[in-house]
Amino acid sequence: MLFRFLLGKVTMPTAWACSGFAMVGAKFGWLLNFDISSADYVHRVSAMLFIILTLVSIIYEVIRGVKNDQKYLAWSIIGKSGYQLFTLIMSLLLIITGAIIWICIEYDLSFVTFALLVHEYLSYVFLASIIWHIYKKSHALIWPKS
């Protein structure tokens with residue numbers, strides 16, 4: 001029930017994060033009512049869409065680099081400096097560790113365990129950085145002084 005409610009009310013990144021954190025187990029399983037199989041499905045589909053979005057952004061940045069376009073794109077999710085570079089590095093690390101988890105789950109469990117640990121803690125760091133970035137860039141969260 002809660003799972004269907006969440007899918008109807010939240011955006012893709014939120015569903016992706018909630019589904020991933022719900023798969024952590026007892027700590028955050030309540031987010032999706034301990035429906036781990038549905039959380040896994042939502043996480044994989046959302047991750048696929050995230051990978052496609054990241055790939056399109058990387059291709060767009062490469063095309064801009066070939067054309068020597070120096071315009072700053074504030075809306076772009078990846079870039080050459082600042083938070084956009086941090087987003088690129090974190091996205092690539094999450095994609096690589098997710099691929100290791102998905103591909104190597106049947107072969108080398110020690111490697112998968114390490115990838116799960118890295119993937120989980122990268123998610124926490126990324127979530128905290130997104131909240132910090134929203135706080136710094138959005139003045140809606142700052143209480144008026146007058």
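How many helices and how many strands does the protein have? Show the whole chain as a cartoon and you can count five helices and zero strands. Keep in mind as you go that this is a predicted model.

**The overall view**

Start at the N terminus and follow the chain along: the elements run α-α-α-α-α. If you colour by accessibility, 31% of the 146 residues count as buried. For a feel of how the chain comes back on itself, look at contacts between residues at least 6 apart in sequence: 47% of them join residues at least 24 apart.

**Stop one: α3 and its salt bridge**

Next, select residues 36-66, which make up helix α3. Now show the side chains of R64 and E61, which form a salt bridge. Put a distance label on the closest N and O atoms and you should read 3.1 Å. The two partners sit three residues apart in the helix, about one turn. There is no second one to hunt for, as the structure holds one salt bridge.

Is R64 buried or exposed? Turn on the surface to see: R64 has a relative accessible area of 9%, so it counts as buried, the cut-off being under 20%. Its partner E61 has a value of 15% and is buried too, because that value is also under 20%.

**Stop two: where α3 meets α4**

Keep α3 on screen and add α4, residues 82-104. The axes of α3 and α4 are 11 Å apart, and the two helices pack at an angle of about 135°. That angle makes α3 oblique to α4. Their crossing is left-handed.

Which residues make the contact between α3 and α4? On the α3 side, select R44, F50, I51, T54 and I58; on the α4 side, select L88, S91, L92, I95 and W102.

**Stop three: aromatic rings on α4**

Hide those side chains and look for rings, since the tour now turns to aromatic pairs. The structure holds three of them. One is formed by Y83 and F86, whose ring centres are 5.6 Å apart; their planes meet at 35°, so this pair is tilted. Both residues belong to α4, where three positions, or about one helical turn, separate them. Y83 has a relative accessible area of 21%, which makes it partly exposed. F86 is partly exposed as well, at 27%.

**Stop four: another ring pair, on α5**

Move on to Y121 and Y124. Here the ring centres lie 5.8 Å apart and the planes are at 65°, so the pair is edge-to-face. Both tyrosines are in helix α5, residues 109-137, and are three residues apart, about one turn. Y121 is partly exposed, with a relative accessible area of 45%, and Y124 also counts as partly exposed, at 22%.

Before leaving the rings, select Y83, F86 and F126 together: ring pairs link these residues into a cluster.

**Last stop: α4 beside α5**

Finally, show α4 and α5 without the rest. How far apart are their axes? The axes are 9 Å apart, and the helices pack at an angle of about 150°. That makes α4 roughly antiparallel to α5. Rotate the view until one helix lies in front of the other, and you will be looking at a left-handed crossing.

Notes. Residues numbered from 1 in each chain as written. Predicted model: local features only at pLDDT ≥ 70, side-chain atom pairs only at ≥ 80, totals over all residues. Heavy atoms only, no water. Salt bridge = Lys/Arg side-chain N within 4 Å of Asp/Glu carboxyl O. Helix = DSSP H or I, 4+ residues; strand = E, 2+ residues; numbered from the N terminus. Buried < 20%, exposed > 50% of the residue type's maximum accessible area, 1.4 Å probe, protein only. Phe/Tyr/Trp six-rings, centres within 6.5 Å; stacked < 30°, edge-to-face > 60°. Axes fitted to C-alpha atoms, helices over the stretch in contact; angles between N-to-C directions. Parallel < 35°, antiparallel > 145°, perpendicular 65-115°, else oblique. Left-handed = near helix turned anticlockwise from the far one by under 90°. Contact = heavy atoms within 4.5 Å.
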